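Here are some notes to read with the model open beside you. Take them one point at a time and find each residue as you go.

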Amino acid sequence: MVTLPPASLQNEGVVRHMPRLRMVGGPLVKMIAQRIALGVLLLWAVSVLIFAGTQILPGDVATAMLGQQATPEAIANIRNELGLDRPAVVRYFDWLGNALQGDLGKSYTNRQDIATNIGKRLGNTMFLALCAAVIAVPLAITLGVLAVRYRNTFFDKFLSILTLSTVSLPEFFAGYLLILLFAVQLRWFPSTATIRPSMDFGDKLYAIALPCLTLVLVVVGHMMRMTRAAILNVLSSAYVETAELKGLSPSRIIWRHALPNALAPIVNVVALNLAYLIVGVVVVEVIFVYPGMGQFMVDHVSKRDVPVVQACGLVFAAVYIVLNIVADVAAIVANPRLRHPR
Amino acid sequence: MSRELEYLAREAVRGRLNRRDFLGRAAALGLTLPVASKLLNSAAYAQAPRKGGDLICGLVGGESTNSLDPATFLSQVPQVFGKCWGETLVYSKPEDGSPVGLLAESWDASDDVKEWTFKIRKGVKFHDGKDMTPDDVLATFQRHSDPNAKSGALGVMENIAAMKVDGENIVFTLKNADADLPLLLSDYHLIIQPSGGVGAPDAGIGTGPYKVEANEPGVRYMATKFDEHWRDDVGFVDTVEILVMNDTTARMSALQSGQVHIINRVEPKTVSLIERAPGVVIERVPSKGHYVFVMHINTPPFDNNDLRMALKLAIDRDAMVDTILQGYATKGNDFPINQSYAYAPKDIPQRAYDPEEAASFYKKSGHSGPIQLKTSEVAFPGAVDAATLFQQQAAKAGIQIEVQREPGDGYWDQVWNKQPFCASYWGGRPTQDGMYSTAYYSKADWNDTRFMRPDFDAKLLEARGELDQERRAQLYREMALMVRDEGGLILPMFNDFIDAHTDQVQGWISDPNYEMSGLSAPIRVWLPS
C-alpha cells in the first residue's frame, strides 16, 4: 500500500503558505535579532565614515560660516567657541557619547536644537514619501499584474513604453514639465510645495500634489516592471501548469497562486524604492521648494555643520537598514524554504 | 495693445517716461488725448500707498543654517527679513547714497572728525513693548565690537576707540578720523536690539515695522505688522512672508503662477523670457557690485606691471557685458568704484580692448608661457564662461591663458585670496572708503590683489578724515588712478541687480545700495485691494 504524503506536502506550491508565527517562532526571532544587531553595527560604521568624510572636505564650519568675509581672528573665535581646536578623535567620541544618551546636540551654525529641527524635516519627508508610496505601490503592483494578465498585447507594450519613459525621464525634468503644465499654464496646483503650520491635512495634500506626482512617476515604472518580471518567472513553474489544467481562471492563478510566490523580489524592489523616496529626493525638494531632509542636509554639509550632518546621515542610514531588514523578513516569511534554513 | 499702454502709464508715473512722451506714444497706439490722460491719472492714483494685504516673497539666499542674530547675517534672506523686524541708526538714501537718520534723529562731528554725537530718537518701542533707549544702542554697538560676537560689522566697529551714553545722545570717539561714520552705521548687521541682544542675540526683537511670527531657517519666515511702529512711510502690507527659493526655475514659476509677489536674482539670460510673461515687472538697477579677475601683484609673473597692463588691455569689456550678463551690467574701468558712489571720479578715460597695445606690453614684460587663471561657477554667475572668453580675447594679443576650473565647494577657502590669479566678485560697500579699506588698504585681510602701497594708504586715511568735499573727491580720483594703472585688478563689469514682481506690487523704489530695493522691498511696497 502506498502511503500518501501529508496533505501539506501534496499541495506544496499550489496553496499559499500563510505565515504561521507559532510555527516560525524561534529561528525567525533569532534572525531578526541578528539583523538588528548588524544594523546597529553598520550605523556605527556609517557614523565613523561620515565624520571622516566631513573632516576631509576643504575648510571647516568657521570658514564656511564666514564665507568670503572670513578674517583670521573671526575664524579663530568660532573655532575656539565650538571646540574645533580639539583633535578630531576627541570630538568624535564626545559626539558619540552624547548621541548614545539621545542628545544630538545643537547646530554649530544657528545654535538650534538638532533633534527638533530634524524631527520637523523628517516629518515632512515622511509625509511626502508616504503619499507617493500610497499611490505608487498599489498602482505599480496592479499594473504589473495586469501587464502579466494581458502580456504581449497592445496594453502590455503600451505600459512598457510608458513606464520606461517615466523611468528614463530625469526627475528634475519631469518636475519642471509638471510645473509648466499644471502650475504655470493651467494653474491647477501650486508650483511650490509650501507647508504652513496653519494648513489642515487637505491643504497639505494639495500643496504637495506636484512633487508627489513627480515621485510617483519616478518610482512606479521600476516597481511595475519588477512585479511583471517576477510573476512571469513564477508562471513558468510546474504548479501553475497544474492550476491551469485544473481549470482555474488566469486572473485567479495570477492573484492567488503566482503573486504570493513572487512576493520576495517585489518586496525587495518596493523597499528599495521606499528608501529612495525618503533619502533620495533632494532634487525634487529643491525644485518644489519642499522643506524636507535632503535640502536640510545639503545646507549643513556646505556649512560643514558636522553634528547636523552626522545626525542626518544616521537617519538616512537607519531608514535604509530598517527597510532592508523589513524586506528581508518579509521575503523569508513569504518563503517557507528560507524560513527553515538547513 | 492695452498691456503696452498700462506699461507705458506705469513708466510715466515712475518718472521714467515724461507725460508728454507718454501722451505721444499713447496717441501712436491710437488713443485720443482725453482717454490717455485719464489712463495716466488712474495709474497715478494706483500709486497712492494702500494699507493691508499679505505680501509673499520668494527669495534666493537662505539656508537651514541661518540665524536671526544680525551679527551673523551673510545672505539675502536674513538681510531682507532683518529690515522687516529691525532698524539701524542710519540708512542710506536710495537716490544719492547719502545718510538719513532712522533711529538716530541727527548727528554732529567735532572739527577733527574724531568725536561723533548721535541724538537717539525718542518714543520708539521694541516689539516686546519696552522703549528703545540710548543704553540699548550702546549695548548693541558694544556687542558688535566684541570679537566673540562674530559680527560681520566688526570691521566697522574696529575704528571706534570709545563710546558712551550722554543724556539722549551716543558719543563715539574714533581712533582715526572718519567722515563717513553715519553711513557706516547703516550697515545691515547693526540692528538695534533690546539690551544689545546680549544673551538672546537671535530673539528677533527689534523696532522694525514687522514682528517676527515664524522663523524657519532655510524654509520660511513670517512677520506681522507692528502696530506701534513709529514711521508711516514704510510697512504698508499687513503681513510679510518670505519663502526661501534657492532654485532659479522655482522662483520664476512661483512668480509666473502668482504664488509669490516678488522674487530676487532674475538671471540675465532669462530676463527677456520672463519679461514677456503677463503681469510680470522687471526691476533693474545698476549696483556697486562687480565681477573681477584678481592678480597678486607681489607674486611672479604678476609682479610685473607691464604684464598686468597687457592683461588689462587684453579683455574685451563690451563682449563681457553682452555675453556674460546679456547687457544687464555696466563696463568696469579697473578700479572698484562706479557712479553709484558719492564722490565718484567722473573724468577717468574708459579702458578699451586693444590687442595690439596688449601685445606690445606683453612683449615688454618679457614673460612667456601660459598664465594660469583659476575660476569656478561660484566665483560669480558665468565666471567659467567669462574666463574662457577672456582666454580667447587674450589669445588675439598673443597671451596664452590657461583656464583651470575649481570646485565651487571650498573655492573661497582654497583659491580666492590664496592663488595668484583667479576670478571673484565683490559686493558694493556704502562708501568708497569702505571699498578701498576692505580690499586695497595694505593691512586689509581681504587685500586680494596684494596692493600694498604706503602712498595709497596715506591718501586713504587723509580722505577718510576730510570734511572738505572737493579735496575728498580729488583724493579719491588719485586713488582710483593708482589702482587702475598699477594695481592687480581686472574689472570687466559692474553687475545690475535684477528683481521681478507681479504688476500688483506698487511703490517699488530703485535703490542701488543692495538688491530687493536696498533689502527693503517688503517694507516699502504695497498691494492694491
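How many bridges join strand β13 of chain B to β17(B), and do the two run parallel or antiparallel?

1. Let's settle that one straight away, keeping in mind that this is a predicted model. Three bridges join β13(B), residues 329-331, to β17(B), and the two strands run antiparallel. If you want a spot to click on, take B:Ala329, whose bridge partner in β17(B) is B:Asn495.

2. Stay with β17(B) for a moment, as β13(B) is not the end of its story. Strand β12 of chain B, residues 280-295, also pairs with β17(B) in the antiparallel sense, over 11 bridges. One place to look is B:Arg284, which has B:Ile498 as its bridge partner in β17(B). Then there's β11(B), made up of residues 262-263, which is antiparallel to β17(B) too and pairs with it over two bridges. There, B:Ile263 has B:Ala500 as its partner.

3. Is β17(B) mostly covered or mostly open? Mostly covered: the strand spans residues 489-502, and 14 of its 14 residues are buried.

4. Now follow the chain on from β12(B). In the loop between β12 and α10 of chain B you'll find B:Pro301. The peptide bond joining B:Pro300 to B:Pro301 is cis, with omega at about 0°. Do have a look at that one on screen.

5. Past that loop comes helix α10(B), residues 305-313. Its N-terminal end is capped by B:Asn304, which places a side-chain oxygen 2.9 Å from the backbone nitrogen of B:Asp306. Why call this helix largely enclosed by the rest of the structure? Because seven of its nine residues are buried. Among them are B:Arg308 and B:Lys312, along with B:Leu307, B:Met309 and B:Leu313.

6. On to the aromatic rings. Over all chains, the structure holds 27 aromatic pairs. Take A:Phe182 and A:Phe189: their ring centres are 6.3 Å apart and their planes meet at 70°, so the pair is edge-to-face, as planes over 60 degrees apart count that way. The two partners differ in how covered they are: A:Phe182 counts as buried at 17% relative accessibility, while A:Phe189, at 28%, counts as partly exposed.

7. Chain B has an edge-to-face pair as well: B:Tyr436 and B:Phe456, with 5.5 Å from centre to centre and 75° between the planes. B:Tyr436 sits in helix α15(B), residues 432-439, and B:Phe456 in helix α16(B), residues 454-464, so this pair ties together parts that are 20 residues apart in sequence. Both residues are buried. They also belong to one aromatic cluster, which includes B:Tyr343, B:Tyr440, B:Phe451 and B:Tyr476.

8. Rings can have charged neighbours too. B:Lys225 lies over the face of B:Tyr210, at 6.0 Å from the ring centre. In a similar vein, B:Arg231 has its charged end over the ring of B:Trp230, 5.9 Å from the centre.

9. Next, a histidine. B:His144 is part of helix α5(B), residues 134-145. Is B:His144 buried or exposed? Its relative accessible area is 0%, so B:His144 is buried. A polar atom of its side chain lies 3.4 Å from the backbone oxygen of B:His189. Leaving aside residues up to four places away in sequence, the residues that B:His144 touches include B:Pro70, B:Ala71, B:Met157 and B:Leu190.

10. Last, two residues with a backbone angle to check. A:Asn152 has a positive phi of about 65° although it is not a glycine. You'll find A:Asn152 in the loop between α6 and α7 of chain A, and with a relative accessible area of 58% it is exposed. B:Leu519, also not a glycine, has a positive phi near 70°. B:Leu519 lies in the loop between α18 and α19 of chain B, but here the relative accessible area is 1%, so B:Leu519 is buried.

Key. Residues are numbered from 1 along each chain as its sequence is written. Chains are lettered from A and ligands numbered from 1 in the order in which they are written. This is a predicted model: local features need pLDDT of at least 70, side-chain atom pairs count only at pLDDT 80 or more; totals for chains, interfaces and linings use all residues. Side-chain values use heavy atoms; hydrogens and water are left out. Rings of Phe, Tyr and Trp (its six-membered ring) pair if their centres lie within 6.5 Å; planes under 30 degrees apart count as stacked, over 60 as edge-to-face and the rest as tilted. Buried means under 20% relative accessible area, exposed over 50%, partly exposed in between (1.4 Å probe, protein chains only). Helices (H or I, at least four residues) and strands (E, at least two) are DSSP runs, numbered from the N terminus. A charge sits over a ring if NZ of Lys or CZ of Arg is within 6 Å of the ring centre and within 35 degrees of the ring normal. A polar contact is a pair of N or O atoms within 3.5 Å; within protein, one must be able to donate a hydrogen and the other to accept it, and residues adjacent in sequence count only if both atoms are side-chain atoms. Contact means heavy atoms within 4.5 Å. Two strands pair if DSSP finds at least two bridges between them.
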